[in-house]
Every structure is written in structure tokens, then in C-alpha cells.
Amino acid sequence: MSDNANDNPEPRVHEVPATDIGGGLALLLGLGGLLLGAGSIALGATLGSEGRTPASAALVTVGILVILASFIAMCGLNTIAPGQARVVQLFGRYRGTIRTEGLRWTNPFTSRTKISTRARNHETAVMKVNDAYGNPIELAAVVVWRVEDTAQAMFEVEDFQEFVATQTEAAVRHIAIEYPYDAHEDDALSLRGNAEEITEKLAAELHARVEAAGVRIVESRFTHLAYAPEIASAMLQRQQAGAVVAARKLIVEGAVGMVEQALERISEQGFVELDEERKAAMVSNLMVVLCGDRAAQPVLNTGTLYQ
């Protein structure tokens with residue numbers, strides 16, 4: 001993993017629960033205040049019609065104030081759906097996050113920003129990069145992520161969604177240049193041959209890159225992995241040649257075992273005495289028959305082995 005991925009500064013703010021109460025009681029009190037204010041205004045208007053001007057003015061004023069206070073108080077009501085949260089700020093200062101589902105009430109003078117905590121997908125475009133051997137390859141990845149710390153997501157980065165997208169592309173490019181598409185050594189990691197290990201490393205690097213934004217990586221997978229079109233045919237020939245060599249190696253190993261077993265059986269049963277030259281000829285013939293890619297053509301020898 002790149003050391004730069006761990007150079008993010010420590011976050012200056014962390015998520016804390018906001019001060020809030022159930023919204024049902026606040027809603028009832030607010031509606032009661034509106035009714036009380038309307039009743040006070042109506043009563044003041046009645047007294048005013050009877051000539052009681054001071055009492056009428058006082059009741060109307062109190063009614064208006066009660067209605068305004070009730071309306072302002074009801075502005076603190078929030079509906080929190082599952083998978084959502086509200087980041088609460090008071091005059092620019094972070095005051096906490098509301099995560100409790102349902103109708104909630106908090107200080108009406110605060111601003112409350114809605115933020116989703118549901119899992120999201122981000123799929124990168126197909127990118128052309130050079131692998132560890134310098135071969136141009138094409139690859140794309142999909143990342144499943146969710147907001148873990150709403151305060152960091154809101155205040156530590158400018159736009160956390162764009163931040164995740166940019167860091168995902170950077171991590172995919174970095175992983176691509178760290179490992180080859182196909183490894184030349186048997187014990188080396190490669191993008192094609194060790195997909196599980198590489199995706200685990202990709203997830204670890206992504207987590208380190210986006211941790212500052214309060215984001216947690218749920219899963220990451222490569223969705224596209226191939227050689228670039230300009231070298232695809234050449235690399236296909238190389239893969240085919242490697243497959244042919246591997247198959248021939250297996251055939252030769254099997255043929256050697258069969259020849260060895262044949263010589264041992266002949267020696268054990270002793271029905272034919274073979275000197276070193278005859279053994280060499282027999283081994284040569286058996287190897288040609290067993291390793292050849294065409295059917296053997298028998299040859300009848302009417303003389304001796306030495307003529």
C-alpha cells in the first residue's frame with residue numbers, strides 16, 4: 001500500500017449525537033399553542049367589539065406571540081427515514097447528528113442537513129494504465145461504500161461523494177501499476193491470477209484513502225480486466241505459447257514415467273535381454289510415440305537391431 005494513503009491529517013471533528021426529543025409531544029404542544037393563540041385572538045376581537053380596548057389589545061398581542069412561538073417551535077420538527085441522518089449546526093458550529101428514526105424535535109434555530117447513510121455503489125470508467133511490467137491494460141472496478149461518520153463527511157472534505165470517486169480511481173490506478181497482469185514467476189501475485197488477494201489489497205488501500213471523509217468501504221471488485229487492444233493479440237499468442245509449453249512439459253513427465261516403468265517391467269520379467277544400446281533405442285522410440293502430436297507410423301524391421 002502506498003505510504004501516501006496514510007498521510008491524511010487527523011480529523012478535526014467526529015460525529016456525536018445531537019440533543020433531540022421525540023417529535024410527537026413537540027407536535028402536540030405546537031398545535032396546542034396555535035389553537036391557544038387563535039383562541040386568544042378571537043377572544044380579544046370579541047372584547048374589542050364590546051369596547052374593552054386595553055384587554056382586547058393585550059389578548060390579541062399575546063395570541064400573535066403564542067402563534068409565532070408555536071410556529072417557530074414546530075420548525076424544529078424533523079422526519080428521519082431509515083438509512084438517513086441529519087447533521088445539526090447552530091450558527092455554523094456542529095452540534096451533533098440525529099440518527100433516530102421517526103419524528104424528532106431539536107432546536108428550531110439550528111440548520112439540519114440531510115445525509116444518507118445507506119450503502120452506495122461507485123463504478124469507475126474503464127481506465128487504461130500500465131501494469132508492473134509496463135504493459136498497457138484496461139481495468140474498471142466497482143466499490144460499495146457508506147457514510148460511517150456524518151460529521152467527517154460534511155466538514156472534513158468539500159464533497160465526500162466526489163472525494164470517494166477520485167480516491168477510488170487513484171487506488172485502482174495504484175494497484176494496477178503495483179502488480180502485473182500475468183506474473184512470470186509462479187509465486188508472484190498478478191491481477192488475473194490472484195483476483196481475491198488483489199481486491200483485498202484494493203479494499204485496504206481504499207479504506208486508508210477515504211477514512212478521513214468518514215466513509216467505510218463495504219466491498220470492492222474489479223469489473224473489467226483485459227490487455228489493451230493494441231497488444232491483446234500479441235499477449236494472447238504469448239498465453240497460448242505458455243499453455244502449449246506447460247502441456248508439453250506435463251506430457252514429457254508422463255512419458256518419462258511410462259518409459260521407466262516399461263524398462264523396469266522388462267527387467268523384472270527377464271523375457272528380453274536389453275543392452276545399453278537397445279535400451280536407448282527403445283527409450284527413443286517410446287518417447288517419440290508418447291510425446292508426438294501425431295499417430296505413430298509403425299516400421300517393420302526384417303533384420304536385426306544393429307543392421
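**Exercise 1. Characterise the environment of T199.**

*Solution.* T199 is buried, its relative accessible area being 7%, where buried means under 20% relative accessible area, exposed over 50% and partly exposed in between (1.4 Å probe, protein chains only). The model is predicted: local features need pLDDT of at least 70 and side-chain atom pairs count only at pLDDT 80 or more, while totals for chains, interfaces and linings use all residues. Residues are numbered from 1 along each chain as its sequence is written, and side-chain values use heavy atoms, with hydrogens and water left out.

Step 1. Locate the residue. T199 belongs to helix α5 (residues 195-210); helices (H or I, at least four residues) and strands (E, at least two) are DSSP runs, numbered from the N terminus.

Step 2. Examine its side chain. A polar atom of the T199 side chain lies 2.8 Å from the backbone oxygen of E196.

Step 3. List its contacts (heavy atoms within 4.5 Å). Not counting residues up to four places away in sequence, T199 touches S220, R221 and F222.

**Exercise 2. Determine how E196 is connected to strand β10.**

*Solution.* Step 1. Identify the partner. E196 forms a salt bridge with R221, with the closest N and O atoms 3.3 Å apart; such a bridge requires a side-chain nitrogen of Lys or Arg within 4 Å of a carboxyl oxygen of Asp or Glu.

Step 2. Place both residues. This pair links distant parts of the chain, R221 being in strand β10 and E196 in helix α5, 25 residues apart.

Step 3. Assess exposure. R221 is partly exposed at 33% relative accessibility, and E196 is partly exposed at 45%.

Step 4. Extend the picture. E196, E219 and R221 are linked in a network of salt bridges. The count of salt bridges comes to seven.

**Exercise 3. Contrast the acidic residues E148 and D149.**

*Solution.* Step 1. Take E148. A salt bridge joins E148 to R216, the closest N and O atoms being 3.2 Å apart. E148 lies in the loop between β9 and α3 and R216 in strand β10 (residues 215-227), so the pair ties together parts 68 residues apart in sequence.

Step 2. Take D149. This residue is found in the loop between β9 (136-147) and α3 (150-155). D149 is buried yet has no salt bridge, and the nearest side chain of opposite charge, R99, is 6.9 Å away. For charge, Lys and Arg count as positive and Asp and Glu as negative; His and the chain ends are not counted.

Step 3. Find what surrounds D149. A polar atom of its side chain lies 3.0 Å from the backbone nitrogen of Q152. Leaving aside neighbours within four places in sequence, D149 is in contact with H14, E15, A213 and G214.

**Exercise 4. Establish which face of helix α2 is buried, and what covers it.**

*Solution.* Step 1. Describe the helix. Helix α2 (residues 53-74) has 22 residues and reaches 31 Å from first C-alpha to last, close to the 32 Å expected at 1.5 Å a residue, the expected span being 1.5 Å times one less than the number of residues.

Step 2. Sort the residues. S56, G63 and S70 are buried in α2. Seen down the axis, the buried residues of α2 fall within an arc of 65°, so they line one face of the helix; the arc is that of the directions from the helix axis to the C-beta atoms. T53, P54 and L65 are exposed on the other side of α2.

Step 3. Identify the cover. What covers the buried residues of α2 includes α1 (23-49). G37 lies in helix α1, and its C-alpha atom is separated by 3.8 Å from that of G63.

Conventions. A polar contact is a pair of N or O atoms within 3.5 Å; within protein, one must be able to donate a hydrogen and the other to accept it, and residues adjacent in sequence count only if both atoms are side-chain atoms.
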